[in-house]
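Work through these short exercises with the model open beside you. Try each task before reading its solution.

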Amino acid sequence: MNIYKALTIAGSDSGGGAGIQADLKTFQELGVYGMSALTAVTAQNTLGVQGVYPLEPAAVAQQLDSVGEDLTPDAVKTGMLFSSDIIRTVADKIRQYGWNNLVIDPVMVAKGGSSLLLREAVQSLIDHLLPLALVTTPNIPEAEILADMSIANLQDCEEAAKRIRQMGSQSVVIKGGHGSENGIVTDVLYDGREFVYMESPRIDTRHTHGTGCTYSAALTAELAKGHSAAEAVRTAKAFIRAAIEDGLGIGSGHGPTNHFAYGRRLRAEGSERQ
């Protein structure tokens, strides 16, 4: 039996909707063994972030050594990294262990508006991590910061994707959830050769906490299983859409998505065909 393994390097979300909690749930749902290295502990719930407590870079490094020396991951993703020192530490360890299937979710701001990446750390992310990435998955506000431009339409997304890819990432997915035209959300995938557009109707809900983490985790899980970046992106899109559509409806603010939904749909479809 081949056991696929994926590693998430990210912050902890006490509310369970985002961060390593969302990542590990997603890995499990997609049949991948999940491992984690914490970069920060956050106190948060659906109403916002009440506290951020970053770990020392040495603690992050030791976690990565523990994984790298015994449990080689088939794919790796980064989420909340918080500081330049942590970013450089993570980049050094990724190079040291030769981890290639790297997904970068450039987490910068929580759903409620709290900063999860220091302003001075953005350039470190560009300089040290993007050149190592197989896929980078910014939302529109994150893409605007990375590409240093405003994004108002699909053509702007294409230009931003080109600029981010020039920073070293082999492929870029700009997620369209923060903007839509005629009620349609369009994700743009660019691999340096062509653009691929993935459209879906906008879902009217406030329960979208952790969508970026969940999407990038699904992508990472599929890469760990040996799928191409394009195939992994399509599954990630389907996974997060199901998670939003079949929302849990918990919490008084921006509630989490439903990590069970995609698997339950697949099992239901299988039962119907029998």
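The exercises below concern a predicted model.

**Exercise 1. Place Lys 93 and find what surrounds it.**

Solution.
- Start with the element. Lys 93 sits in helix 3, which spans residues 84-97.
- Next, check accessibility. The relative accessibility of Lys 93 is 14%. Buried means under 20%, so Lys 93 counts as buried.
- Look for a polar partner. The side chain of Lys 93 makes a polar contact with the side chain of Gln 96, at 3.1 Å.
- Now skip neighbours within four places in sequence. Lys 93 is then in contact with Ala 61, Leu 64, Asp 65 and Trp 99.

**Exercise 2. Follow Leu 64 into the nonpolar cores.**

Solution.
- List the contacts of Leu 64, leaving out residues up to four places away in sequence. Leu 64 touches Lys 93, and also Leu 7, Ile 9, Ala 37, Val 90, Tyr 97 and Trp 99.
- Then turn to the largest nonpolar core. This core has 40 residues. Leu 64 is one of those with the most contacts inside it, together with Leu 7, Ile 9, Leu 81, Val 90, Leu 129 and Ile 174.
- Ask which helix gives the most to this core. Helix 3 does, with five residues.
- Finish with the other core. Another core, of 30 residues, lies apart from the largest one. Its members include Ala 75, Leu 223, Ala 224 and Val 233.

**Exercise 3. Decide how helix 3 and helix 4 are oriented: roughly parallel or roughly antiparallel?**

Solution.
- Find the partner. Helix 4 covers residues 122-129.
- Take the axes. Those of helix 3 and helix 4 come within 9 Å and cross at roughly 10°.
- Apply the cut-off. Angles under 35 degrees count as roughly parallel. Helix 3 and helix 4 are therefore roughly parallel to each other.
- Locate the contact. On the helix 3 side, the residues are Ser 84, Ile 87, Arg 88, Val 90, Ala 91, Ile 94 and Arg 95. They meet Ser 124, Leu 125, His 128 and Leu 129 in helix 4.

**Exercise 4. Compare the settings of Phe 82 and Asp 148.**

Solution.
- Check the backbone of Phe 82. Its phi is positive, about 70°, although Phe 82 is not a glycine.
- Do the check again for Asp 148. Its phi is positive too, about 60°, and Asp 148 is not a glycine.
- Place them. Phe 82 is in the loop between strand 4 (75-78) and helix 3. Asp 148 is in the loop between helix 5 and helix 6.
- Compare accessibility. Phe 82 is buried, with a relative accessible area of 16%. Asp 148 counts as exposed, at 66%.

**Exercise 5. Describe the surroundings of Ser 150.**

Solution.
- Place the residue. Ser 150 lies in the loop between helix 5 (140-147) and helix 6 (154-166).
- Read its accessibility. The relative accessible area of Ser 150 is 59%, so Ser 150 is exposed.
- Leave aside neighbours within four places in sequence. Ser 150 is then in contact with Glu 144 and Asp 156.
- Gauge one separation. Ser 150 and Ala 22 are 128 residues apart in sequence, and their C-alpha atoms are 29 Å apart in space.

**Exercise 6. Why is there no bond between the sulfurs of Cys 213 and Cys 157?**

Solution.
- Recall the cut-off. A disulfide needs cysteine sulfur atoms within 2.5 Å.
- Apply it. The sulfur closest to that of Cys 213 belongs to Cys 157, 20 Å away, which is too far for a bond.
- Count. The total is zero disulfides.
- Add accessibility. Cys 157 counts as buried at 5%, and Cys 213 is buried at 13%.

Key
Residues are numbered from 1 along each chain as its sequence is written. This is a predicted model: local features need pLDDT of at least 70, side-chain atom pairs count only at pLDDT 80 or more; totals for chains, interfaces and linings use all residues. Side-chain values use heavy atoms; hydrogens and water are left out. Helices (H or I, at least four residues) and strands (E, at least two) are DSSP runs, numbered from the N terminus. Buried means under 20% relative accessible area, exposed over 50%, partly exposed in between (1.4 Å probe, protein chains only). Contact means heavy atoms within 4.5 Å. A polar contact is a pair of N or O atoms within 3.5 Å; within protein, one must be able to donate a hydrogen and the other to accept it, and residues adjacent in sequence count only if both atoms are side-chain atoms. A nonpolar core is a set of buried Ala, Val, Leu, Ile, Met, Phe, Trp, Tyr and Cys residues joined through side-chain atoms within 4.5 Å. Axes are lines fitted to C-alpha atoms, for helices over the stretch in contact, and angles run from 0 to 180 degrees between N-to-C directions. Angles under 35 degrees count as roughly parallel, over 145 as roughly antiparallel, 65 to 115 as roughly perpendicular and the rest as oblique.
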